[in-house]
Amino acid sequence: VKVNSGLLDFYSSYPVSSAWNHYANASLSKEVKASLYPVLRSQLQGKSQKKAAAMLLDFVQTAFQYKTDQDQFGYERPLFGDESFHYPYNDCEDRSILYSILVRELLGLEVVLLNYPGHLATAVCFTDEEVAGDYLTVNGKRYVVCDPTYIHAGVGESMPQLKNEKIKVVML
């Protein structure tokens with residue numbers, strides 16, 4: 001995936017924030033979209049929303065190596081979507097940010113971020129079918145958990161150790 005080095009320079013100077021919606025609401029660059037989106041669109045074509053979301057989930061879960069920001073940078077540093085294709089590692093908020101962008105832009109579905117104690121995940125509002133699994137209701141809409149860090153977990157699967165934790169929902 002080709003990334004824009006000028007944009008990466010800008011992102012490296014961006015003040016670090018825990019307002020993950022700022023990162024998730026930033027689209028991918030035209031360079032990343034040009035090299036990534038045609039391939040993803042061809043793979044997603046004709047799939048149900050659940051199947052397409054599951055394919056994107058598997059992609060984000062397995063295409064990147066995991067390392068905490070503390071181990072990679074020495075401090076907490078959320079990545080913009082493009083940066084996940086530049087740095088050798090990413091962690092839970094980076095994967096959740098990227099996944100939320102891909103689902104919203106390629107599938108046209110609403111996504112929220114799920115802020116657990118020490119962990120960030122996503123939940124997707126499916127519109128073409130009721131999808132089974134772990135979910136929460138936000139503003140009258142059903143959002144199904146999709147965790148980009150829980151490797152090989154499918155749509156609707158939360159990390160078992162987080163199922164009873166209090167969640168803060170971050171709207172996008």
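Two strands pair if DSSP finds at least two bridges between them. I kept that definition at hand while going through this predicted model.

**Entry 1, the sheet.** I started with strands β5 and β6. They pair in the antiparallel sense over 4 bridges, with β6 spanning residues 141-146. I then looked up one bridge by residue: Leu136 has Tyr143 in β6 as its partner.

I next traced the whole sheet. It is open, has 5 strands in the order β5-β6-β4-β3-β7, and its pairing is antiparallel. β5 (135-138) and β7 (168-171) are the edge strands, each pairing on one side only. I noted an average turn of 35° between neighbouring strands of this sheet, direction ignored.

**Entry 2, the helix on the sheet.** Which strands does helix α6 lie across? I found β3 (110-116), β4 (119-125) and β6 beneath the entry for α6, which covers residues 92-107. α6 runs at about 15° to β4.

**Entry 3, the helix pair.** Two packed helices are described by the angle between their axes and the distance between the axes. I looked up both for α3 (residues 30-44) and α6: the axes come within 11 Å and cross at roughly 65°. Angles of 65 to 115 degrees count as roughly perpendicular, so α3 and α6 are roughly perpendicular to each other. The crossing in which α3 passes α6 is right-handed.

I listed the residues in this contact. From α3 come Lys33, Leu36, Tyr37, Leu40, Arg41 and Leu44; they meet Ile101, Leu102, Glu105, Leu106 and Leu107 of α6. I sorted the contact residues by type and got 8 nonpolar, 3 charged and no polar.

Conventions: Residues are numbered from 1 along each chain as its sequence is written. This is a predicted model: local features need pLDDT of at least 70, side-chain atom pairs count only at pLDDT 80 or more; totals for chains, interfaces and linings use all residues. Side-chain values use heavy atoms; hydrogens and water are left out. Axes are lines fitted to C-alpha atoms, for helices over the stretch in contact, and angles run from 0 to 180 degrees between N-to-C directions. Contact means heavy atoms within 4.5 Å. Angles under 35 degrees count as roughly parallel, over 145 as roughly antiparallel, 65 to 115 as roughly perpendicular and the rest as oblique. A crossing is left-handed if the near helix is turned anticlockwise from the far one by less than a right angle, and right-handed if clockwise. Ala, Val, Leu, Ile, Met, Phe, Trp, Tyr, Cys and Pro count as nonpolar, Asp, Glu, Lys and Arg as charged, and the others, Gly among them, as polar.
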